Every structure is written in C-alpha cells, then in structure tokens.
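Open the structure in your viewer and keep the selection panel at hand. The tour below goes from stop to stop and says what to select at each.

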Amino acid sequence: MTCARTEPTDQEPDIRARPPLVREFLLVAGLFLAYKFGRRAANGHVEEAFRNARNVWDLERALHLPGEGAVQGLLLHGRPLIHAANTYYATVHFPATVLFLVWLYWRRPRHYVRSRRVLAALTAAALVLHLLFPLAPPRMLSVAGLVDTGQVYGPTVYGQTPATDTMANQFAAMPSLHVGWAVMVAVGLILATRSRWRWLWLLHPALTLLVVVGTANHYWLDAIVVGAMLALALAVFRLPLTARTVPARPPGQGRWRSGDAPPVPAYAGGARPGDFASAAPAGSAGPVTAPGTFAAAGVPPSLGAVGGSAEPATGSDAGSRAPARAGAVR
C-alpha cells in the first residue's frame, strides 16, 4: 500500500528547479516585445475589423448573451465608479501578471516554469488570432450604442485615432488577454498555495471581466474564446509531478523491488551455499561441513554435532549425520 503526500505550504523552494534569472528576464522581455510589435503589425485592417465586429455582435444576440450595455449601465451610475474601472483596466493587467511570475519564480519555481509556458503559449496563440481575425471593440460599434469610457472619463491607454495608434492595436479585441492573464494568475496562485483564502484570487478575473465589458473594450465572446484557449494550454502543460500528489515511500522500503521478499540475514539461515562452510581437504580426518552451515570451531573431530554426544562419528554414520547437523545449526 502506498501513501500520498502533497506539497506543504511552508516548503522551502526547490532551488534546483529555478531557471537562471538573467535568462528568464531576457526570455520574458523578448516575448513581450514580440507580442507588442506583432499587435502593431496587425494595424490598418479597419474595414475588416468593423465587419467582424458586426458579425460578433449579431452572433451574441443569436446566442442570447447578455448585452454589454447592461454592465456599462451599472458603472455609469457614478463618475468615481467608472473612473475606477478605467484605472483598473489600464494599470492592473500587466503589473499583476509580472508580480505573479516574480513570486512564483522566487517561492514556487516548478509552478513558475509551468505558468510561464502557459502564458507564453496563450499569448502567442492570441497574437495569431489577432492577425487572422481583426476585431473592433464594442465601444467603436455604433449599433451597440456604448460609451468609450476611457476617452470620456479617463484614464485611457488608447489614442483618439484607432487606425493610426502607434502604442497599441485597437482592433485586437478577440481574444481578451486581460481576461486570459487574470484567470491564469488566479489559477496559478490557487494551485501553488494551500491557504484557505486562496480562492479569493478568483475575484481578480471576475473584476477584470466586468471591467473589460463595462468599459466597452471587449465582447462577452472575447472572454469565452480566451477561456477555451487557456483551458487547452493548461491541459498541454500539466502540473509537475512533484508539485502534485506523489507516492510516499513507506519507512524501510526501497532496498528491494516491490513484491520481493526481504533478504534473510545469514545468521537466520539465509546464507548461500559455501558462504561460511569450509570443506575439508581430500584425505583429511576432519568432518565435512554441510553447505550453508557454520563450521564448528574448537569441537574435536571425534564428537558429533548434535547434543554434544561423545560418540564418535565414523563410516556411514558420519555421512548420515551431515544432514542432521545442517538442520541443527540455525
């Protein structure tokens, strides 16, 4: 029977699993720059982006998804509320993900490697979809009747002219990496910790979803698509075995294979033939010790081995008593 153990919360980080810091910094920075330049390369597809936006809007209505305007109406009840939503959208997304990776790198190196791979795969797949399916956000779609809260109430990270924005690609609404990264942060922290409060990390993706929809920067389908992509990435890059449940070896096990009988000590009768016995040379008068038995030291050759009898062992009697001595000495 095997036992199971899980990674304790106070376990010291496995330094051997921690990748070199400089290499990781260059790798993450390179991935980020590649994504930023890739998004900018998708600029200019204005007509296609608006055509796709109308199709997505119609698809959501056909699927009876709730209107994005219902969420925005809640935020527009007070200027401080909508301003806080714009600030959350502009300032929390990237710093939260960086802090998440830094903490994992320092405290949970094995989880860090897996999370970095998932985020890299998700971001690369999102970039491909941005290039293949440019999409104008709902704040630009006149039929939606939504307010560009960033431009009206501030703050905003986008320029006033989307087609010539050199800082970001405003026609890359699907999928929503704001939602995808937020969900990965929550999932990664829940898996890497054992605190009873760890489930509160789900508030981060929940708030992010309400913010991106309420500010009219994303459709509901943007979040649904990125959720499916993240689930696929998590399935491909599985949790390391040492961080999940691993079989615990019972005390004393491990010196022989499972199912094998433990070795028998030599003094308990488990000696191999010839280990302790010394056969008498040919022509000598000494008794022949049976294989697997101790040679009796200091016993006169004329005495038998059983019971210390003084009767001499000669002829056929000596040969017949050899098996008896083998069974007597344990």
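Start by selecting Glu24 and Arg116, both of which are buried. Keep in mind throughout that this is a predicted model. The two residues form a salt bridge, and their closest N and O atoms are 3.0 Å apart. This pair links distant parts of the chain, since Glu24 sits in helix H1 (residues 21-41) and Arg116 in helix H6 (residues 109-132), 92 residues apart.

Next, select Asp148 and Arg139. Their side chains also make a salt bridge, with 3.5 Å between the closest N and O atoms. Is Arg139 buried or exposed? Arg139 counts as buried because its relative accessibility is 11%, under the 20% cut-off. Asp148, at 21%, is partly exposed. Now go back to the first pair and add Arg23: salt bridges with shared partners join Arg23, Glu24 and Arg116 into one network.

For another salt bridge, select Glu60 and Arg61, where the N to O distance is 3.4 Å. Glu60 has a relative accessible area of 0% and is therefore buried. Arg61 is partly exposed, at 29% relative accessibility. The count for the structure comes to five salt bridges.

Now turn to the empty space inside the model. Rolling a probe the size of a water molecule over the atoms shows where such space is left. How many cavities of 30 Å³ or more does the structure hold? There are three.

The largest cavity has a volume of about 60 Å³. To find it, select the residues that line it: Asn86, Tyr89, Arg139, Asp148, Gly150, Pro155, Thr156, Val157, Tyr158, Thr215 and Asn217. Arg139 and Asp148, the salt-bridge pair from an earlier stop, are among these lining residues. Coloured by class, the lining shows four nonpolar, five polar and two charged residues.

Move on to the second largest cavity, with about 40 Å³ of space. Its lining is made up of Tyr88, Tyr89, Val92, His93, His178, Thr208, Val211 and Val212. Two elements give two or more residues to this lining, helix H4 (79-91) and helix H9 (203-214). Which of the elements gives the most? H9 does, with three residues. By class, the lining has five nonpolar and three polar residues, and no charged ones.

Select helix H10 next, which covers residues 220-236. Does its length match or miss what is expected of its 17 residues, at 1.5 Å a residue? The expected span is 24 Å and the end C-alpha atoms are 25 Å apart, so the two agree. Within H10, the buried residues are Trp220, Leu221, Asp222, Ala223, Val226, Met229, Leu230, Ala233 and Leu234. To see what covers them, show helix H2 (46-62), helix H3 (68-75), H6, helix H8 (177-192) and H9, which are among the covering elements.

The last stop is Phe133, in the loop between H6 and helix H7 (149-153). Phe133 is partly exposed because its relative accessible area is 24%, and buried would need under 20%. Leaving aside residues up to four places away in sequence, Phe133 touches Asn52, Val56 and Met174. Finally, draw a distance from the C-alpha atom of Phe133 to that of Ala172: these atoms are separated by 8.0 Å, with the two residues 39 residues apart along the chain.

Key. Residues are numbered from 1 along each chain as its sequence is written. This is a predicted model: local features need pLDDT of at least 70, side-chain atom pairs count only at pLDDT 80 or more; totals for chains, interfaces and linings use all residues. Side-chain values use heavy atoms; hydrogens and water are left out. A salt bridge is a side-chain nitrogen of Lys or Arg within 4 Å of a carboxyl oxygen of Asp or Glu. Helices (H or I, at least four residues) and strands (E, at least two) are DSSP runs, numbered from the N terminus. Buried means under 20% relative accessible area, exposed over 50%, partly exposed in between (1.4 Å probe, protein chains only). On a 1 Å grid over the protein atoms alone, a cavity is a set of points where a 1.4 Å probe fits but cannot get out, and a pocket is an open set with protein on both sides within 12 Å along at least five of seven lines; lining residues have an atom within 4 Å of a point. Grid points are joined across faces, edges and corners, and a volume is the space filled by probe spheres set on the points. Ala, Val, Leu, Ile, Met, Phe, Trp, Tyr, Cys and Pro count as nonpolar, Asp, Glu, Lys and Arg as charged, and the others, Gly among them, as polar. The expected span of a helix is 1.5 Å times one less than its number of residues. Contact means heavy atoms within 4.5 Å.
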